[in-house]
Amino acid sequence: MAERKVALLSGCTGQDGSYLAEFLLAKGYQVHGILRRSSSFNTGRIQHLYADTNAHREGSMHLHYGDLTDSSCLVKIIAEVKPTEIYNLGAQSHVKVSFDLAEYTANVDALGTLRILDAVRTCGLEKSVKFYQASTSELYGKVQEVPQNEKTPFYPRSPYGVAKLYAYWIVTNYREAYNMFACNGILFNHESPRRGETFVTRKITRSVAKIALGQMEHFELGNLDSKRDWGHARDYVEAMWLMLQQENPEDFVISTGEMHSVREFVEMSFGHIKKTIRWEGTAEDEVGIEVESGKIRVKINKKYYRPTEVDLLLGDSSKASKVLGWKPSVTFPVIRLFCINDALPSHFNIFSFTL
Ligand code: NDP
Ligand code: GDR
């Protein structure tokens, strides 16, 4: 009999969920996604994966209404689907927003993880299901050591990071207590044309594109000097799957090993439309001026600063490389182009790609 390959994804409508669903469908999985009820359309990233929008069912892709704050729906979905793999990607994933929605973020990101794990046990599937948890480099927070690997101590700096720390440890605890196959993927920032538009990469590239098209004079940012290790989401979902194909459940750092500042990202994005930015002023009132026209293009607005910031993140994914055979295929210069190409008309594009 053919091996059952049934994956259940929370967060299937998000950036990573959409790439992972595509990846798993291509591998012959039946893919079930948990869909949040929303007053507006929230399936734009996965619409191409099912044709019957009324039934949310087409071929191997199925959607189920559910929410990580609702234990009973999780039990019902897991009992019905009987997944062989669960990928818990659902989250309130915006770090800055988590300062405003701290309790909600904890409910979804921390307790939501516990709810899924308990639902697996309630359904008696803890010995058969493989579980992936979307852990994050935000766990490292305040710099303890650089680069960061699986042994680096955690010091989260936001309600989001703290909620994800709970999730990390409850996954570890259920692995040890109940012998569950449960893994934490500690993923560093990863971007794509499908990235939410309020994250810094898409915000910058969309704004630069609008400036190039004469639709915007300037845009506002927060901390220009924070540094991130940016990869591409399509590469990173493959690492999630690889973690669940191993003999033993383990935690892995997934990163590119290359770090750049937000400031560099801005400069390079303007470079793409053949403009140079020079910076003037102090941190409080700094502006980015387009050299060619003398126009202010970037202003600093304190409202985009976080009360506590993660200054720098640089990952060491040598364990993933050794054990999983995983390596990123896309690094910083191309990531910037992937994002900006999406926002600009074709005559600016260096290469074409599909969502
Ligand atoms: P997105 O914000 O793009 O997607 C989040 C997903 O979670 C969406 O499908 C969203 O639904 C869903 N969701 C939010 N709240 C709930 C809820 N209460 N119940 C069920 N589902 C919910 O995030 P990404 O795809 O970028 O990230 C995926 C996961 O990986 C997240 O857990 C994130 O914290 C984590 N992560 C992301 C990294 C990155 O750089 N992208 C790095 C490290 C970790 P809806 O579409 O309806 O809003
Ligand atoms: P991050 O991503 O907080 O790292 O979390 P984000 O793109 O929001 O911020 C990156 C850095 O840019 C600085 N920044 C700004 N950020 C935003 N969003 N908007 C601005 O205007 C702005 N100006 C400067 C931030 O201060 C920060 O230092 C992402 C999310 O996907 C998390 O879910 C995930 O866990 C981590 O990446 C790894």
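## The shell around ligand 1 and a four-stranded sheet

In this predicted model, the residues of the shell around ligand 1 divide into seven nonpolar, 16 polar and three charged. The shell holds 26 residues, of which Gly-11, Gly-14, Gly-90, Ala-91 and Ala-134 come nearest to the ligand. Two elements, helix 1 (15-26) and strand 6 (130-136), each give two or more residues to this shell. Helix 1 supplies the largest share, namely three residues.

A second feature to examine is an open sheet built from four strands. The strands follow the order 9-16-15-14, and their pairing is mixed. On average, neighbouring strands of this sheet are turned by 25° against each other when direction is ignored. The table lists the strands of the sheet with their residue ranges.

| Strand | Residues |
|---|---|
| Strand 9 | 219-221 |
| Strand 16 | 296-300 |
| Strand 15 | 287-290 |
| Strand 14 | 277-280 |

Which strands form the edges of the sheet? They are strand 9 and strand 14, each of which pairs on one side only.

In what sense do strand 9 and strand 16 pair? Their pairing is parallel and extends over three bridges. Within this part of the sheet, Phe-219 stands opposite Val-298 of strand 16.

The sheet is also accompanied by a helix. Helix 8, which comprises residues 262-272, lies across strand 9, strand 14, strand 15 and strand 16. With respect to strand 14, helix 8 runs at about 140°.

Technical notes. Residues numbered from 1 in each chain as written. Chains lettered and ligands numbered in written order. Predicted model: local features only at pLDDT ≥ 70, side-chain atom pairs only at ≥ 80, totals over all residues. Pairing = 2+ DSSP bridges. Axes fitted to C-alpha atoms, helices over the stretch in contact; angles between N-to-C directions. Contact = placed C-beta atoms within 7 Å. Near = placed C-beta within 6 Å. Nonpolar A, V, L, I, M, F, W, Y, C, P; charged D, E, K, R; others polar.
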